[in-house]
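Please look through the structure shown below and keep it at hand while reading. The text goes from the inside of one chain to its contact with another, and then to some strands elsewhere.

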Amino acid sequence: MSSETHADPTAGDTEPILTVENLQTAFYTDRETIRAVDSISFDVKRGETVGIVGESGSGKSVTARSIMGLIDSPGRIMPGSSIKFQGQELTELSDAEYRSVRGSGIGMVFQDPQQSLNPVYTVGNQIRESLKINRGITGEEAVEEATDLLEAVGIPDAKRRLDEYPHQFSGGMRQRAVIAMMLACDPDFLICDEPTTALDVTIQAQILDLLKDLQEERNLSILFITHDMGVIADIADRVNVMYAGQIVEQAPVEELFANPKHPYTRALIDSIPGEHSRKEGLETIEGEVPTPNEPADHCRFAPRCPKAFDACENVPPQHVSVSDEHDHTAACLLYPEDLTESHRVEKHLSLANDDTEGDT
Amino acid sequence: MNRGLYLIKRLLLAVPVMLFGLTLSFLILYLGPIDPVGTILGRQATPEDIRQLRIQLNIIYPNGEPVPLWDQYLRVMWDLFTLEFGQSWTVQRQTPVIDLIVGRMPATIWLGFWSVLIALFVGIPLGLYAGLRANTYRDYFASGFGIIWRAMPNFWLAVILAGLITAGGALDWYKDFIVTTTVTGTPDVLNNLFTLYHVFEGIPLLEALAIPVPNLIPMAIAFKWILPAALVLGSSSMGNEVRIGRTAVLESINSKYVDTAKSKGVSGRKIIYKHVGRNAIIPLLPVIMGEFYLLIGGSVLVEQVFGINGLGNLFFRSILGPDIPLVMALVFIFVIIQVTVNIVQDLLYTYIDPRISLEDTQ
Amino acid sequence: MSKTTSRPQSAAQGDEVLVDVTDLKKFYGGEGFFAGPPVKAVNGVDFTIKRGETLGLVGESGCGKSTLGRTLLQLETPTEGSITFDGTDVTTLSGSDLKEWRRNAQMVFQDPESSLNDRMTVGEIIREPLDAHDWKTKQERRERVLDLLSAVGLRDEHYFRYPHQFSGGQRQRVGIARALALEPEFLVLDEPVSALDVSVQAKIISLLEDLQEEFNLTYLFIAHDLSVVRHICDRVAVMYLGKIMELGETEELFQDPSNPYTKSLISAIPRPDPTDTTRRITLPGTPPSPRDAPEGCPFATRCPAKIRPEEYTHLDEDVWDGIERFREVIRERSRMDLGVTGLARRGVGRFSRFDDLEEAVSDLFEGVDVPEEVRVHIEQAVEYAKKGYPSKAREYLYEEFSSVCDREKPKFYETSGTARYSYCHRHANEYEDVDPVISRRTSDE
Amino acid sequence: MSETTSKSIREDLTQRDELSLYTRIANNPRPFFKWAVPMLVLIAVEFPTYAGVAFGMLDAVVIGVTGLLDAAIGLVSSGLSQTIRDAQYAVVGVLRDAGGFVDGLPTLFSREVIPNQGYQTGPNGPWEGTFLGLEPAYAWALRATLIFAYALFTAYWVFRGWLVYRDHYREADWTPTDDIVDNLSNHQWGKFGIFVLILFLTMAVFGSALGPTTVEQNIQSPYSERINYFNEDTGEVDQVFPGDANFNSKSKGSAEFNVGPMSYDDYGRFHPFGTLTNGRDLFTFMMGGARITMIVSALAIGGAALIAAVFSMFSAYYSGRVDLTILTTADGVVSIPRLLLLILVSAVFANHWIGNVLNGGFLLAIIFAFTTWPFLWRAVRGPALQVAQEEWILAAKSYGQQPRTIMRKHMFPYIVGYLLVYASMSTGGIIIGLAALSFLGNGLGISPPTPAWGRAISMGQDYVSGPSWHISLLPGLMIVLLVTGLNALGDGIRDAIDPEAGGSAEGEEAAAGGGG
């Protein structure tokens, strides 16, 4: 699977800052094992924004938490998974070592700004904490720096705001404060897990603009996770589409929206209302997102797929290149398009076998 | 709304609460089947004595008409709120109630002080520890203590502990441990805990001020003497603190802001001290304040078993008397303590939890 | 250019009006000795809904759209104003009359988790409105429930299932079936698809459209997601801070919005098209508190097309930006509680908590050349605030820099022939129109 | 699901007026009968015991309630109050007759069927009058074991009935209750609580058959009937009043005056828990105490929970001024420490007739209910407020549902779980409080000679270190066990109804006011 992921060497003009290979995160409950993230691979290059898009339950947040090392029992990152950040293998780190990566290496902005700030400390206190731990800045200097950071994320009257508690901030400002707090760590890489989902559209626009500006100023790499195709089109350079724990399509953003290949991506784009006039009606996907509680020996989208055929039920699709010009892959038995159905199935089967052999 | 206005509002709300408690006690005592005259004068009273006493007690007017209940009520309330507690009927006849209360106060305060303190310093750390080690054997061990402490009737624990410390018991050595003391009764060292130094001698106005300096030996003796009783009195609070502390830590440790703090690279230790600890204190506040409530009720039993001459014991005797002025005065004092504790708790909330808005009533 | 009106009229005259709302207000709190100023959730709105149409009501959180929906259904008692439904003023109804009327107007709620009682079977949930109104016999009620289940795309055997056994989309179907039980004419749909995934959203929207056709329903569709509204609504009302800012035919309003707020809102929707290069208007700041709404136009504090006072029209964009942000800072500070000590210190002239204001000012005007005529006023305001009188500073700035937008409530202007109304001073003849102002002000960024 | 079931659902729902359980059982009677026949047998073998308990409680409630009514109405009209008294006499008469009748019926695990009281015919001679001639200790142990086994099995069989209903006769194939029951049955700590509760309920119901002797014979009227014993001095079988035997079987803390646990006294009577300072059997005393304790605390917690449920729903539904009024009232009640109020009221009414209903227990139950509801209300108000915010409440208002119905149908099912949680935790406080009053004595608590746990602790006060340690220690341990069990049950229910939350710290504090 991984062999096909980065098939096109021309796109990789810079070294990836983060490489995720064959990441598997499973949750063990009494009744079942949920493979929330099931063998996904992608990378993020310096200064670019990579998006992960998917519906709820697709495993996108678990991916983020896996990278941050925030998976708690009963969840576990399975052996064979690899997360390389700036050349360092994260899955093998001890707690203390991970701590040095968090903050100054990778920062994370969570979905709900209301809950991600500690309610009993002032915003300033929490920003200064970041400064002290990651950059050793304390005292008066820390206050100055914290003020500058709040101003940098567009909060007016920053000095006074430092002394306020999170509940005194509005939702948008709270998310700005969280971003400021993460910037205080001076990270190279920022994971944004649905940072605008809880916000209104005009506030969302502010935050997206802010992230773009910051990325430019600081040469940040961003992994942006969302369920909103509009947001992803706006902010991402490259996109991974996730479904039931797996990445089903990877492509540069323009390419993805211009030529969606995987039936799921297509359906997702078609079901966005508003762009179509009322008379046309909306494209809908039948059925529900399944819980990935069994091994991936088939295509998980098959039961809902309008183009599914028999083999979809028992062949695990692998990523194959679907475009000549772009670094665009899809995990679907319909591709490569130029082969006959039986050849396609065979190709996927052999890729799958290579992959499992490679693992052992 | 600022804090001053908030305090005024809270005080206003406390008035009906106090009136409710006091009225209830009044109704029980005055509508219930108590015969004050018989209680005070016994059987051999002359009719004239009875008449005099009734007038004195505001039961009848001098002309023989009965005083209506509401009139008695207003009189009683007025006396209470003007701190005119009157004289004791039966516990110590003719003694001013206030003297009785003041005389018993030190023992109860000393007992209560240590029971609160011991419960705090044992219960809370143990609870936090259990929460941090949730679902391990250490947690089960610590929580087990909490469960048992909560379930033990404190009078029973008092009986067992007092019994074990008496001659021949397993804890007999305690009496001769370091200094020889008893563990029952009220030692007179209580009057000797502090030496007052009148440092402002000769300076007008300040002359009356004195600086209390603790006397270590009497202090130690008094502490050793009160320790078993204080342990017993604080036991159920201790149990509550273990339990709530554990839950509070668990609640906080699973929150998003702890994840965020981890993402910043904050160390595990610091997360616990700074982010978890502070938030876990908030739900503990009412438990700590609730100690006063348990203390007032519990002191009756514990003082009874350990033979301590405190307010609890006084209350018990006054009720058996029955000694209505004394009962009303004590209830008045207890209600005031209770209401004050509630107000203090609400004010403390606004300090330790910045989210509590002063706008809210509760 | 356009005619003004105190209240927007219905579009085509021939259509029958089902709901007519006049000057509706709903305030919360503000009573009693210790209460602060009231929250003006809905602050005077007028509109009509025609029989059989879908009126969209959009706005950001806290703009009062949900309160408006609930007030329409008499779940909240309006503070002022009237609601006429099919000719009767429902605000005057009570007791059994009100209960009887409720059959006509029902609601579908936002959160499929919260809108169904988990301890009742789906059958009981849908049947409850019928039971409450003693509708026909028990058998007939059950039959009706089964019919409703199939109408919303569920099956008979779902009757004995509990909401827990359903997905979000299915639960929302149950909610719709319950709302339809009493055969209402009018449905308030309060963000019915906001909590659902995109693929599920599409199904529910289709269902709502089908049902409308089948049962000849009239919808008030409340949403914050403009793309959904665009898809399903005939007309749209845009709300901000308790006021309707613009009202008109959907497609036209989306293509060519008149009101500066509508323009900003529509431009802020991220489009699922990476090649889209239309300039986004990013609004500064956050909406003011509904306890302390601006005196004039509610949008005045953030408006990209705000009218400026005559004497200051020559100022730079950046200077103006700075002034508006500074006013917001002062507004914020005037809302702060100074506390007992603060008041005491102010009394003896030793107030120092706002000494950091100068820093804030220098930050706001960083790299901007502030003309002397503006600088003196800013400094004066800073002086007032530093002494502990931020409200005085706020008034001073209001006196000096306020324009018609701050001072006077706008009127409704009909901005196109298709009964479109916009609540903005810019539509008056004496002012420049919205579009050129916005493009001029945003172009030099 | 297939087409045909779908059709039959529609028929079921639309053809019949009522969807009765009866018709469903009639369609498939086997599972029902397989459950019901053993259940009937289980009830039948001990029917007189259950009926006796039921009549006894009814009797107390009728006297108590009519007594209160009488007192209240007596203030207004003496004629009406006379009518009430007449009604009371009539009802109580019927109840007592019925009680007397069922008392005479035989039960399976009675002391007549498995007798343990007997006497030896010689120094080491065989036992006369005991079950199969066993030693009294073994006979008693056998009976006690059988009774506990019976009780546990009966409890299981009742639960089994619910399973049968669930699997065979319920329309829904799943309900939220299933999850709660599943969670609870996986909760070891909660199951321990249930076990303890069943244990003590068994003691309360079967107390008279559980003890080695009876409260009647050993404690209340020890001079009405003689018992046989083997007199070692004379070497013959003699007769003695139990009261006289008690006099010589005292536990007074010295080697010669002590009958410890699991031992015989000089009259061949076996004492599983030893004797009291007055020579009475501690185990029998404890069983008698269990009944009065369970009745009083059940009445008290029932009353308190009822008030708390109604008030919390009012608070949450109407909020604002209604809430504030209830809050003030609750604070007012709580402002007097509970134990003080209890002492106050019991002392004042010590000689009043209402202080005699249920040996003083009725009055105590009322005071406990009155002083406990504020704690429950505070604990349940949070969940009630949360439910009141749910959109389904708004939905019910939107189609004009009555407030009363909304509270009953849409709020109550949610708060009842929390109510159970905090009620079981608060019951611990009531039990301890009740024991505390009896401990203080002086006319407080349950009036002697009716057994009360606290009194036993008080009696043993002076003998904690010494041979008679059992008098104070064992009753205390029983209280600790019961209160721990109730707390465990509360924890179990809480985790079962809300497995995610792990308990909110705020609500519990309110209900934690135990400790007496």
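Domain 1 of chain B and domain 2 of chain B bury about 1500 Å² between them, and carbon and sulfur atoms account for 81% of that area. The model is a predicted one. The size of an interface is often given as the accessible area lost when the parts come together. In residues, the contact involves 15 from domain 1 of chain B and 16 from domain 2 of chain B.

Where do the two domains lie along chain B? Domain 1 covers 3-68, while domain 2 is made of two stretches, 97-189 and 216-352. Their centres, taken over C-alpha atoms, are separated by 34 Å.

Polar links between these domains can be listed briefly. There is 1 salt bridge between domain 1 of chain B and domain 2 of chain B. It joins the side chains of Arg10(B) and Asp346(B), with 2.6 Å from N to O. The count of residue pairs in polar contact between the two domains, with both residues at pLDDT 80 or more, is 1. On the domain 1 side, H1(B) gives the most, with 13 residues. Sorted by class, this side of domain 1 of chain B has 11 nonpolar, 2 polar and 2 charged residues.

Now take chain B as a whole. Its secondary structure comes to 12 helices and 2 strands. Read from the N terminus, seven α elements come before the two β elements, and five α elements follow, in the order α-α-α-α-α-α-α-β-β-α-α-α-α-α. Along the principal axes, the C-alpha atoms of chain B fill a box of roughly 85 × 60 × 55 Å.

The next step is from chain B to its neighbour. Which chains share the most contacts? Among the 5 pairs of chains in contact, it is chains B and D. Chain A and chain D, by contrast, do not touch, and their nearest C-alpha atoms are 11 Å apart.

The contact of chain B with chain D takes 58 residues from chain B and 62 residues from chain D. About 5000 Å² is buried between the two chains, and 75% of this comes from carbon and sulfur atoms. How many salt bridges cross the interface of chain B and chain D? The rule finds 1. Its partners are Arg243(B) and Asp491(D), whose closest N and O atoms are 2.4 Å apart. Across this interface there are also 4 residue pairs in polar contact, both residues being at pLDDT 80 or more.

Several helices of chain B supply at least two residues each to the side that touches chain D, among them helix H1 (3-31), helix H8 (216-253) and helix H12 (324-352). The most comes from H10(B), with 12 residues. By class, the side of chain B that touches chain D has 37 nonpolar, 18 polar and 3 charged residues.

Chain C offers a sheet to follow. Chain C is divided into domain 1 (4-268) and domain 2 (310-402), and the centres of these domains, taken over C-alpha atoms, are 43 Å apart. An open sheet of chain C has 4 strands in the order E3-E2-E5-E6, with antiparallel pairing. Strand E3 (39-50) and strand E6 (88-89) of chain C stand at the edges with a single partner strand each, so one side of each has no neighbour in the sheet.

Strand E2 (residues 17-28) of chain C can be traced towards two partners. With E3(C), E2(C) is joined by 9 bridges, and the two run antiparallel. Val19(C) has Ile49(C) as its bridge partner in E3(C), and Val21(C) has Phe47(C). With strand E5 (residues 80-85) of chain C, E2(C) is joined by 5 bridges, again antiparallel. In that pairing Thr22(C) stands opposite Ser82(C).

Chain D gives a hairpin to end on. Strand E3 (residues 227-231) and strand E4 (residues 236-240) of chain D pair in the antiparallel sense over 5 bridges. Phe230(D) stands opposite Val237(D) in E4(D). The hairpin of E3(D) and E4(D) has 4 residues between the strands, and in this hairpin Gly235(D) takes a positive phi near 75 degrees.

Methods:
Residues numbered from 1 in each chain as written. Chains lettered and ligands numbered in written order. Predicted model: local features only at pLDDT ≥ 70, side-chain atom pairs only at ≥ 80, totals over all residues. Heavy atoms only, no water. Contact = heavy atoms within 4.5 Å. Buried area = accessible area lost by both parts, 1.4 Å probe. Salt bridge = Lys/Arg side-chain N within 4 Å of Asp/Glu carboxyl O. Polar contact = N/O pair within 3.5 Å; in protein donor to acceptor, adjacent residues only side chain to side chain. Nonpolar A, V, L, I, M, F, W, Y, C, P; charged D, E, K, R; others polar. Domains from an automatic or database assignment. Pairing = 2+ DSSP bridges.
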